[in-house]
Amino acid sequence: MIKLALTKGRIEKKAIEILRQCGYDMRDLDDKGRKLLFNCPSSGIGDSLQIVLAKAADVITYVEHGTCDAGFVGRDTIMEMGGDFYEVLDLRFGICRFALAGVKGRDFYAGHGHKIIATKYPNVTKKFFASKNIDCEIIKIEGSVELAPILGLADGIVDIVETGATLRENGLEVYEDISPISARCIANSVSIKLKDKEMNSFFDNLELNASRKDD
Ligand code: PRP
C-alpha cells in the first residue's frame with residue numbers, strides 16, 4: 001500500500017479525478033465531511049492507496065519524514081520550503097504562476113529607494129529580488145495579500161496569479177512574471193527504494209493519466 005499526502009483545496013479536485021482515472025476507487029472522498037484519512041482500493045491488480053489530506057506545507061513535511069510515501073503539492077510550496085525529497089512528476093494541473101504585482105499604473109521600478117513587498121512567500125521573494133540586485137524589505141502576510149498595496153503597507157506583492165481575477169477586481173496588475181507553477185508529485189527517498197516496484201508502477205500510471213487529462 002502507498003500512503004499519499006494530498007494538498008487540500010486548490011488542487012484537490014483535479015488530483016482526485018486523476019487518481020480515479022488511474023483506477024483507484026475514490027468514493028471514500030466523495031462525501032468526506034471532516035475526515036482526513038481515506039482508503040482507496042485499486043480496481044485493477046495494483047495496490048491500494050491510503051490518502052491523507054493535508055495543507056501544502058504539511059504534505060512536504062509528511063513526505064520528508066517518510067510518514068507518507070508520496071505527495072501531491074504545488075511547485076509554489078516546493079519553491080518556498082525546499083526540503084529533502086524527490087520531485088518525481090509534473091502533474092500538469094493546478095497551473096498558475098508567481099508574479100510581482102501592485103497598484104495598476106504605477107512604475108514599480110521607478111526611484112532608487114528599497115522596495116517593501118508583502119507576501120506569503122518570503123523565500124521566493126528574497127531570491128527574486130536578490131537575482132535583480134534590488135534591496136527589498138519583506139512583510140509576511142498570511143492571506144489576501146492583495147490588501148497590502150491597496151492599504152499602503154507595501155509597494156507590491158509577490159503572489160500566485162491564476163486567472164488574474166483577484167488582482168483585477170482590486171485595481172492591481174502584474175508588473176512582472178516570476179515563475180510558472182503546477183502541481184507536482186513528490187516522493188520520500190527511502191520509500192522509493194523500499195517500495196521500488198509498487199511506487200514506480202504508481203508513478204507510471206500517474207504520468208500516463210496526468211498527460212491524458214484536459215485542463
Ligand atoms: C490565491 C492567491 C490570490 C489568488 C489568485 O489565494 O494568493 O489571492 O489565489 O487567484 P486568481 O488569479 O485566480 O484570482 P487563495 O485563493 O489561495 O487564498 P488566500 O489569499 O486566502 O491565500
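Which strand gives the most to the lining of the largest cavity? To get there, let us walk through the structure together. This is a predicted model, in which local features need pLDDT of at least 70, side-chain atom pairs count only at pLDDT 80 or more, and totals for chains, interfaces and linings use all residues. Residues are numbered from 1 along each chain as its sequence is written, and side-chain values use heavy atoms, with hydrogens and water left out.

A good place to start is strand β1, which covers residues 2–7. Helices and strands here are DSSP runs numbered from the N terminus (H or I with at least four residues for a helix, E with at least two for a strand). Because five of its six residues are buried, β1 is largely enclosed by the rest of the structure. Buried means under 20% relative accessible area, exposed means over 50%, and partly exposed is in between, with a 1.4 Å probe and protein chains only. As for partners, two strands pair if DSSP finds at least two bridges between them. β1 runs parallel to β3 (residues 49–54), and six bridges join the two; within this pairing, L6 has L53 as its bridge partner. β1 also runs parallel to β4 (residues 70–74), this time with three bridges, and here A5 is matched with G71.

Now for the empty space. On a 1 Å grid over the protein atoms alone, a cavity is a set of points where a 1.4 Å probe fits but cannot get out, while a pocket is an open set with protein on both sides within 12 Å along at least five of seven lines; lining residues have an atom within 4 Å of a point. Grid points are joined across faces, edges and corners, and a volume is the space filled by probe spheres set on the points. The count comes to one cavity of 30 Å³ or more, and the largest cavity has a volume of about 30 Å³. Its lining consists of A99, A101, E146, I157, D159, I160, V161 and L167. Strands β6 (96–103) and β9 (156–161) each supply at least two of the lining residues. That brings us back to the opening question: β9 gives the most, with four residues.

The largest pocket holds about 820 Å³ of space. It is lined by 34 residues, and those closest to its centre are R10, D76, K120, Y121 and I160. I160 may look familiar, as it was listed in the lining of the largest cavity too. Four elements, α2 (56–64), α3 (75–81), β9 and α6 (165–168), each supply at least two residues of the pocket lining. The largest share comes from α3, with four residues.

Next come the charged contacts. A salt bridge is a side-chain nitrogen of Lys or Arg within 4 Å of a carboxyl oxygen of Asp or Glu, and the count comes to twelve salt bridges. One of them joins D177 and R97, whose closest N and O atoms are 2.6 Å apart. This pair links distant parts of the chain, with D177 in strand β10 (residues 172–181) and R97 in strand β6, 80 residues apart. D177 counts as partly exposed because its relative accessibility is 45%, and R97 is also partly exposed, at 28%.

Strand β10 takes part in another such link. K132 and E176 meet in a salt bridge at 3.1 Å, N to O. K132 sits in the loop between α4 (122–131) and β8 (136–140), E176 belongs to strand β10, and the two are 44 residues apart. K132 is partly exposed at 30% relative accessibility, and E176 is partly exposed at 22%.

K140 and E142 form a salt bridge as well, with 3.3 Å between the closest N and O atoms. Is each partner exposed or partly exposed? K140 is partly exposed, with a relative accessible area of 45%, whereas E142 is exposed at 65%. Elsewhere, E87, D90 and R184 are linked in a network of salt bridges.

Finally, L208 lies in helix α8 (residues 196–212) and counts as partly exposed because its relative accessibility is 45%. Its C-alpha atom is separated by 42 Å from that of N133, which is 75 residues away along the chain.
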